Amino acid sequence: MTGFAVEGFGASTRHRMAEANLARHLTEPCRLLDVAGGRGEDGVPLAALGHEVTILDPAGAMLADALAHAYTRGVTVRVAQAGAEDAPDLFRAGDFDVVLCHDLLHYAEDPVALLRAVTAPLRCGGLLSLLGPLPSAGQARDAATELGAEIIARYRLPGHFHLITRL
């Protein structure tokens, strides 16, 4: 699979691996929120698999790139320009079946509060996908379990972790 170039060694491999990991758990088309989704490196390929994707990011230029990326792939994505903490104000509870929180949690001052915000629009029993640098895997696991999430899969990617949880 091809996509936009992302900065950082191995980033395109990491995105493809995360997509393959998620595909094992997404057995039918779903509504997906890609939080801090930037240029759509994760969301656009999932839209190409038939999922309804909304990309949330505070940077308008990144969202414009995501729309261009989607156009080149022949798919449609929705975009919303706002921060992750704004998710409860933008979307209703149950609006999404899956929430991606990739490469964001390790920047949060309060990871549990961030997860509460981004999962507010997640349907009951929905999936939360967490991805980040390997040294922050414990922090992500702890925040997810404090939120009440059940970890259903753990993957190790080059220098990164990928947790898939059910809420």
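User: In this predicted model, is Glu-52 buried, partly exposed or exposed, and what is its relative accessible area?

Analyst: The structure is a predicted model, and the values here are computed from it. Burial ends at 20% and exposure begins over 50%, with partly exposed in between. Glu-52 therefore falls in the partly exposed class, its relative accessible area being 41%.

User: Which residue forms a salt bridge with Glu-52, and which parts of the chain does the pair tie together?

Analyst: The closest N and O atoms of the pair are 2.8 Å apart, and the cut-off for a salt bridge is 4 Å. Glu-52 lies in strand β2 (residues 52-57) while its partner lies in strand β3 (residues 78-81), so the pair ties together parts that are 26 residues apart in sequence. The partner is itself partly exposed, with a relative accessible area of 47%. The residue that forms the salt bridge with Glu-52 is Arg-78.

User: With which residue does Asp-65 form a salt bridge, and where does that partner lie?

Analyst: The closest N and O atoms of Asp-65 and Arg-39 are 3.3 Å apart, and the two form a salt bridge. Asp-65 belongs to helix α3, whereas Arg-39 sits in the loop between β1 and α2 (43-48), so the pair ties together parts that are 26 residues apart in sequence. Asp-65 counts as partly exposed at 29% relative accessibility, and Arg-39 counts as partly exposed at 26%. The partner of Asp-65 is Arg-39.

User: Which residue meets Asp-95 in a salt bridge, and is Asp-95 buried or exposed?

Analyst: Asp-95 has a relative accessible area of 18% and is buried, while its partner counts as exposed at 62% relative accessibility. The side chains meet at 3.3 Å, taken from N to O. The residue that meets the buried Asp-95 is Arg-92.

User: Which residues are joined into one network by salt bridges that share partners, and how many salt bridges are there by the rule used?

Analyst: Side chains of opposite charge can pair when their charged atoms come close. Shared partners join Arg-31, Asp-97 and Arg-123 into one network. The count of salt bridges by this rule comes to 6.

User: Which side chain of opposite charge is nearest to Arg-14, and how far away is it?

Analyst: Arg-14 has its place in helix α1 (residues 11-23), and it is buried yet has no salt bridge. A salt bridge requires a separation within 4 Å, whereas the nearest side chain of opposite charge is 4.1 Å away. The side chain of Arg-14 does make a polar contact with the side chain of His-160, at 3.4 Å. The nearest side chain of opposite charge is that of Asp-103, at 4.1 Å.

User: Why do the buried residues of α6 lie on the same side of the helix, and what arc do they cover?

Analyst: In helix α6 (residues 137-147), the buried residues are Ala-137, Ala-140, Ala-143, Ala-144 and Leu-147. Their arc around the axis is narrow enough to put them on the same side of α6. An α-helix has 3.6 residues a turn, so residues three or four places apart point the same way. What covers these buried residues includes α5 (111-119), β5 (122-133) and β7 (160-166), and the arc is only 135°.

User: Which residue of β7 is the bridge partner of Gly-132 and also of Arg-156?

Analyst: β5 and β7 run antiparallel and are joined by 7 bridges, and strand β6 (residues 150-157) likewise pairs with β7 in the antiparallel sense over 7 bridges. β6 and β7 form a hairpin with 2 residues between them, and Gly-159 in the turn has a positive phi of about 75°. Of the 7 residues of β7, 6 are buried. The partner of Gly-132, and of Arg-156, is Phe-161.

User: How many residues of β4 are buried, and which residue of β4 stands opposite Leu-33?

Analyst: Strand β4 (residues 96-102) is mostly covered, with 7 of its 7 residues buried. Strand β1 (residues 31-35) pairs with β4 in the parallel sense over 4 bridges, and 6 bridges join β4 to β5, which also run parallel. The residue of β4 opposite Leu-33 is Val-99.

Definitions and conventions. Residues numbered from 1 in each chain as written. Predicted model: local features only at pLDDT ≥ 70, side-chain atom pairs only at ≥ 80, totals over all residues. Heavy atoms only, no water. Buried < 20%, exposed > 50% of the residue type's maximum accessible area, 1.4 Å probe, protein only. Lys, Arg positive; Asp, Glu negative; His and termini not counted. Polar contact = N/O pair within 3.5 Å; in protein donor to acceptor, adjacent residues only side chain to side chain. Arc of directions from axis to C-beta. Contact = heavy atoms within 4.5 Å. Pairing = 2+ DSSP bridges.
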